[in-house]
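I opened this model to look up a few local features and the overall build. My notes are below the display.

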Amino acid sequence: MSNGKLLVVGELNVDLILNKIHTFPQLGKETLADEMNLCLGSSSAIMAANSAALGVDTTFCGVVGDDDFGDFMLRELQKKSVRCEHVRKIEGQKTGCTFVMNYGQDRANVTFPGAMHALTMHDIPFAGPSEYQHLHLSSVFLQQGILKDIEQLLISAKASGMTTSLDLQWDPAERWAFDYARCLPYVDVFMPNESELRALTGADSVHDAIEEIRPYLNTLALKMGGKGSLGVREGQQVMVPAFKWKQFVDAIGAGDSFNAGFIRQYMAGADLEDCLREGNLMGALNTTAAGGTGAFGDLHQLSEHIQELWGIELSLP
């Protein structure tokens, strides 16, 4: 498998995760959790770290505050072999933090954006032909500095020779101020989940939502949780089932790990079904350890774990 260069643009925050919470929190009362982890957070960073774990040459572009959490994020990304020359520290700003409360296979999140808003398209290395093959952009509703210029950002990426992918993630304000008719033609792979796609289009069903965006689509990689994933490209539509397993810990970052697997295959020129299958595989693997990157360590250990769980031999770069 070829190993192209990936540029991930997006938000950076730590995740403070509580597991095995005794009861649901109530105002004026206190409850307990039996487990707590502080780890690398943010959709974009998890996707970048797990892409690097899969052997993809990965660079991150983003901003952090000049604080301990910012230092932590940089250390964790570098430990995971993600290049950080385009990560900028901002004095006087705090690094973002997401407080995650896990309840079985569901969770509640509260995010403090911090420095996320300070990232703009002027931070992205677009001067001349790009050294990168592909740009992945995530969580744009948390990044007002990017959201206002997203169409131009995507046009610039295409003009510099990159293919592009976009995972909008949920809009906390639920305004969904993303002009998909104007922007999706510049997105090679659009990567929402079912809830996000319905909310974006205002459609009552996934089928109607797909029909609404179909005129503007290049490729859709729709994440459908335990049902697997659905791919749409031109006249082709393919459904790939999820991988079944018993070793569930949490689903934090599962969609981002899907993105890492899909884009690794996409950059290598694989067909749509193979891209979806590896996306499903990495999403399932993600849930076998705590946090978004806990299951993604050494490439050969990762490959051995996949072999043990599903009897699949992972193609290595």
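The entries run from the whole chain to single helices, loops and side chains.

**Entry 1: the model as a whole**

I note at the outset that this is a predicted model. I looked up the secondary structure and found ten helices and 13 strands. Next I checked the radius of gyration. For 317 residues a compact globule would come out near 20 Å, and the protein has 18 Å, which agrees. The box around the C-alpha atoms, taken along the principal axes, is roughly 55 × 50 × 45 Å.

I then asked what share of the 317 residues is buried. The figure is 55%. I also looked at contacts with a sequence separation of 6 or more, and 69% of them join residues 24 or more positions apart. The accessible surface comes to about 13800 Å², with 49% of that area belonging to carbon and sulfur atoms.

**Entry 2: helix H1 and what follows it**

How many of the residues of H1 are buried? I count eleven of the eleven, so H1 is largely enclosed by the rest of the structure. The buried set includes Ser43, Ile46, Met47, Asn50 and Ala53. Polar side chains are therefore on the list as well, Ser44 and Ser51 among them.Past the helix, I looked at Leu54, which is found in the loop between helix H1 (43-53) and strand E4 (57-65). Leu54 has a relative accessible area of 0% and is buried. I also checked a residue far from Leu54 along the chain: Gly261 is 207 residues away in sequence, yet the two C-alpha atoms are 7.9 Å apart in space. Gly55 follows H1 and has a positive phi, near 95°.

**Entry 3: Glu76 and Lys79 in helix H2**

Glu76 sits in helix H2 (residues 68-79), and Lys79 is found in helix H2 too. Is Glu76 buried or exposed? Its relative accessibility is 15%, so I put Glu76 down as buried, the cut-off being under 20%. Lys79 has a relative accessible area of 63% and is exposed.

I looked for a partner of the Glu76 side chain and found a polar contact with the side chain of Lys79, at 2.8 Å. As a background note, an α-helix has 3.6 residues a turn, so residues three or four places apart point the same way.

I took one further distance from Lys79. Cys97 is 18 residues from Lys79 along the chain, and their C-alpha atoms are separated by 20 Å.

**Entry 4: helix H4**

Which residues of helix H4 (residues 150-159) are buried? I find Ile150, Leu153, Leu154, Ser156 and Ala157. Seen down the axis of H4, these buried residues fall within an arc of 160°, so they line one face of the helix. I looked up what covers them, and the cover includes E8, H3, E9 and H5. Just after H4 comes Gly161, with a positive phi of about 100°.

**Entry 5: aromatic pairs**

I searched the whole structure for aromatic pairs and got six. I followed up the pair of Phe141 and Trp176. The ring centres of Phe141 and Trp176 are 5.2 Å apart and the planes are at 80°, so this pair is edge-to-face. Where do the two residues lie? Phe141 is in the loop between strand E8 (134-138) and helix H3 (144-147), and Trp176 is in the loop between strand E9 (163-167) and helix H5 (180-183), so the pair ties together parts that are 35 residues apart in sequence.

Both Phe141 and Trp176 are buried. Trp170 also belongs here, since ring pairs link Phe141, Trp170 and Trp176 into a cluster.

**Entry 6: the loop between E9 and H5**

I went back to this loop for its backbone angles. Gln169 lies in the loop between E9 and H5, and its phi is positive, about 65°, although Gln169 is not a glycine. Glu174 is found in the loop between E9 and H5 as well. Glu174 is not a glycine either, and its phi is positive at about 55°.

Is Glu174 buried or exposed? At 53% relative accessibility, Glu174 counts as exposed. Trp176, in the loop between E9 and H5, is buried.

Note on methods. Residues numbered from 1 in each chain as written. Predicted model: local features only at pLDDT ≥ 70, side-chain atom pairs only at ≥ 80, totals over all residues. Heavy atoms only, no water. Helix = DSSP H or I, 4+ residues; strand = E, 2+ residues; numbered from the N terminus. Buried < 20%, exposed > 50% of the residue type's maximum accessible area, 1.4 Å probe, protein only. Polar contact = N/O pair within 3.5 Å; in protein donor to acceptor, adjacent residues only side chain to side chain. Phe/Tyr/Trp six-rings, centres within 6.5 Å; stacked < 30°, edge-to-face > 60°. Rg over C-alpha atoms; globule rule 2.2 N^0.38 Å. Contact = heavy atoms within 4.5 Å. Areas by Shrake-Rupley, 256 points an atom, 1.4 Å probe, with all protein chains shown as cover. Arc of directions from axis to C-beta.
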